[in-house]
There are 2 protein chains.
Amino acid sequence: MQLLQTTDKDFSVKFQTLVSDRREATVDVSGTVREILADVKVRGDAAVKDYTSRFDRYNPQSLHLSETFIAEQAAQCSADVKAALELAAERITAFHQKQLPQDIGYTDTVGVKLGLNWVALSQVGIYVPGGRASYPSSLLMNALPAKIAGVERIVMTVPMPRGEINPAVLAAAQVAGVTEIYGIGGAQAIAALAYGTESIAPVDKIVGPGNAYVAEAKRQVFGIVGIDSIAGPSEILVVADSQNNPDWIAWDLLSQAEHDPSAQSILITDSEIFAQQVIAAVEQILTNLATTEVARASWQNHAAVILVSDLAQSIPLLNQLAPEHVELCVDNPQLLANQIKCAGSVFLGRYTPEAIGDYLGGPNHVLPTARSARFASGLSVYDFLKRITYLECNKQALQTLGKAAVTLAEAEGLPAHAGSVSVRLQ
Amino acid sequence: MQLLQTTDKDFSVKFQTLVSDRREATVDVSGTVREILADVKVRGDAAVKDYTSRFDRYNPQSLHLSETFIAEQAAQCSADVKAALELAAERITAFHQKQLPQDIGYTDTVGVKLGLNWVALSQVGIYVPGGRASYPSSLLMNALPAKIAGVERIVMTVPMPRGEINPAVLAAAQVAGVTEIYGIGGAQAIAALAYGTESIAPVDKIVGPGNAYVAEAKRQVFGIVGIDSIAGPSEILVVADSQNNPDWIAWDLLSQAEHDPSAQSILITDSEIFAQQVIAAVEQILTNLATTEVARASWQNHAAVILVSDLAQSIPLLNQLAPEHVELCVDNPQLLANQIKCAGSVFLGRYTPEAIGDYLGGPNHVLPTARSARFASGLSVYDFLKRITYLECNKQALQTLGKAAVTLAEAEGLPAHAGSVSVRLQ
């Protein structure tokens, strides 16, 4: 953790270092991934089964999980968790349904009919990690927008180390309306989704988080299928005045730190005393936290506390950092929120810990990281829709517009473009 | 050109070959591009000037084009072309303004305030190719959606071989509201836009077509900045009955073929006689077309004519091909159009040659290629907007939702997530 003050002589240098700090692992797995993809492309199911046996020690007859198996496993999910997943799904659905856009269509003054139709993707793949990072909440956040968009085929892959699976993940899949599940993971799962195999029909887009192999596999199949963004380590920026309970803010900072040793938690405050209280509270919590190893690594190596003389100064800093999550723990959070231009999602006031948004606030928790909130957005219904535009001229409209099109085509040296218009004007 | 009939025994094999035909060049320029990017990142303007001198034989004192220079050059654009560009800009603007989306915001029954705000990107770069492929229409199609979205800084780069520039491109830049222009191109221009140099401030997203070096450079800087999709060779699929003038359809097919030897033109028709008439018309036009060399290569190597017994059969074929452009040259084009799920843009009826949409129909001409219309869409105002979601719980709302969030956090093994909520419930 480093403590910066805007009044420090070298503040802007140190802040720029923070802004340009790239926290992603740099292990190059591209060669291995390329081999796995090529193998699955050629050998299909046989290759997928080989890798599943080797990496996951799992040798099923069929990669496809039967409805009976899913129902049996999902039934082992506790009633509490099931109910919480249902509440989450309900709230996520309500928010994402409001994103459904309207088609555009009109006839202009020249008589040209034109428009834009939103069309759902036909089939998508949702990658769900196995083991420790197997989060049912992520499954809801990835699958529900697809379902709401109208995607007919929602295929999920989840690795099953030694045949084991988290019952909560299968319960979430049922709640989210997943239509097919395969017990596979890694680059071999991405390959199966992109190219298809004898038993798995290919999809048009793949979304969902995964390890370095999965991320690299998604990069390599991009173009053959669509992908969501490649998620980096999580980030939170908390803007807090001294009227907050330091304990609350410490928990918020650690809620991101516990995700990943490369996660980043930043506090911006106008009170040095409060800053020290939060730092002390973090240390106190770390002494007795099940995830302390990860959280401490993140806190020590990547956290920052920035002292400003006025919280208004937080805005330009925030817009440069473009963090995944922002908390505004102040009395009139809207005043600051209105000035935010770069952030994934914003949590307003003293009673909105970011974790509530991770589970059941309603907005999506798949958000841009690594400063990509400068140009990217969180996952949404729009990611599962396409836009098809259309244009219809009648004879008269073409007469009106044709000459200008011919002029431009000729200026661009494209005579067949010009000819396709002028031949209709004669 | 190959002629297929759906009644052929081997039709489905041949059609799948057509579907999976990847027409992109496979020259690997990634090493060269990586070096140029690294050099510009370190040496800034000096490196950009070196490459500009070497590749473009252009050695300006300043890379930035002055307003005086732009005005002087733009003034050389003919009045006809200028007027056509203005008409095009007006029509493109009218259509894209209708895309501007509405923010979402509401308070739900639990008392949670939540929503989604659309925010324009701050600064974008538009790459414009130089030389033969220097198309003022592409500049309009790339820059106007950015301007309409509300992007404040629209930076254009255009290579100037031996100091020369197409006056129409600068006239288009004026019409489109470009705010800065630099006379540079290639991977060095992409590097300057992504990393910034002493004289060029970096942007957040780069769009626009370019050669293999530019495309590879965009791939490599993706993540540091946003990019649009990587455009492949152009494609047109024409569905036409025998009531069309074969000449008109031949011109339409050639209007894409003349773009690139790798472009693809496909005709689907239900009349063998008509098919032969179109093929003869293509050959006739090719005997006297300024772009015949390119168009003939495309036609010979990549074109297809598909005979169906009923035009309704064109729809499943079309949705598998997912072409960039579709023309429906039939009497009730809407009947077919309603069934299209995968296409970039659709042109309806006998008086809507695709070229009218290239210039001034209104919809964007930057469209998904290489079957990516299965998951991707044409350029739009949305590409220059971000979505920032927000959430605000009050004390009571957190009490209502908190327990379920704690349940899920604990189920996922994330105690700090749980703690950040439960500490506020006490």
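A charge sits over a ring if NZ of Lys or CZ of Arg is within 6 Å of the ring centre and within 35 degrees of the ring normal. This is a predicted model: local features need pLDDT of at least 70, side-chain atom pairs count only at pLDDT 80 or more, and totals for chains, interfaces and linings use all residues. Residues are numbered from 1 along each chain as its sequence is written, chains are lettered from A and ligands numbered from 1 in the order in which they are written, and side-chain values use heavy atoms, with hydrogens and water left out.

**Exercise 1. Charge over a ring**

Task: Find which ring face B:Lys205 lies over.

Solution. Start at B:Lys205. It lies over the face of B:Phe384, at 6.0 Å from the ring centre. Now turn to chain A. There, A:Lys205 lies over the face of A:Phe384, at 6.0 Å from the ring centre.

**Exercise 2. Salt bridges between chains**

Task: State where A:Glu152 and B:Lys341 lie, and what their pair joins.

Solution. Side chains of opposite charge can pair when their charged atoms come close. Fix the rule: a salt bridge is a side-chain nitrogen of Lys or Arg within 4 Å of a carboxyl oxygen of Asp or Glu. This rule gives 29 salt bridges over all chains. One of them pairs A:Glu152 with B:Lys341, at 4.0 Å from N to O. Next, place both residues. Helices (H or I, at least four residues) and strands (E, at least two) are DSSP runs, numbered from the N terminus. A:Glu152 is in the loop between helix 6 (136-149) and strand 5 (153-157) of chain A, and B:Lys341 is in the loop between helix 14 (333-337) and strand 13 (345-348) of chain B, so the pair joins two chains.

Then check accessibility. Buried means under 20% relative accessible area, exposed over 50%, and partly exposed in between (1.4 Å probe, protein chains only). A:Glu152 is exposed at 61%. B:Lys341 is partly exposed at 37%.

**Exercise 3. Two more bridges**

Task: Decide whether B:Arg424 and A:Asp252 are buried or exposed.

Solution. First, the distance: the closest N and O atoms of this salt bridge are 2.7 Å apart. Second, the places: B:Arg424 is in the segment after helix 17 (415-422) of chain B and A:Asp252 in helix 10 (residues 246-257) of chain A, so this pair joins two chains. Third, the verdict: B:Arg424 and A:Asp252 are both buried.

Repeat for B:Asp204 and A:Arg374. Their side chains form a salt bridge at 3.1 Å, N to O. B:Asp204 is in the loop between helix 8 (186-195) and strand 7 (205-207) of chain B, and A:Arg374 is in the loop between helix 15 (354-359) and strand 14 (385-392) of chain A, so the pair joins two chains. B:Asp204 is buried at 6%. A:Arg374 is buried at 8%.

**Exercise 4. Positive phi**

Task: Compare the accessibility of B:Arg57 and B:Ala322.

Solution. B:Arg57 has phi near 55°, a positive value in a residue other than glycine. It sits in the loop between helix 3 (45-56) and helix 4 (67-74) of chain B. B:Arg57 is exposed, at 56%. B:Ala322 has a positive phi near 45°. Its loop runs between helix 13 (314-321) and strand 12 (325-329) of chain B. B:Ala322 is buried, at 0%.

**Exercise 5. Aromatic pairs**

Task: Classify the ring pair B:Trp248 and B:Tyr351.

Solution. Rings of Phe, Tyr and Trp (its six-membered ring) pair if their centres lie within 6.5 Å; planes under 30 degrees apart count as stacked, over 60 as edge-to-face and the rest as tilted. The whole structure has 12 aromatic pairs over all chains. For B:Trp248 and B:Tyr351, the centres are 5.4 Å apart and the planes at 70°, so the pair is edge-to-face. The pair links distant parts of the chain, 103 residues apart. B:Trp248 is buried at 15%. Finish with the cluster: A:Trp118, A:Tyr382, B:Trp118 and B:Tyr382 form one.

**Exercise 6. A recorded site residue**

Task: Locate A:Asp358 and list some of its contacts.

Solution. A:Asp358 lies in helix 15 of chain A. It is buried, at 8%. Contact means heavy atoms within 4.5 Å. Not counting residues up to four places away in sequence, A:Asp358 touches several residues, including A:Gln256, A:His259 and B:His417. An unreviewed UniProt entry gives a "binding site" feature at positions including A:Asp358; UniProt positions are in the numbering used here, feature names are shortened, and annotations may be inferred rather than shown by experiment.
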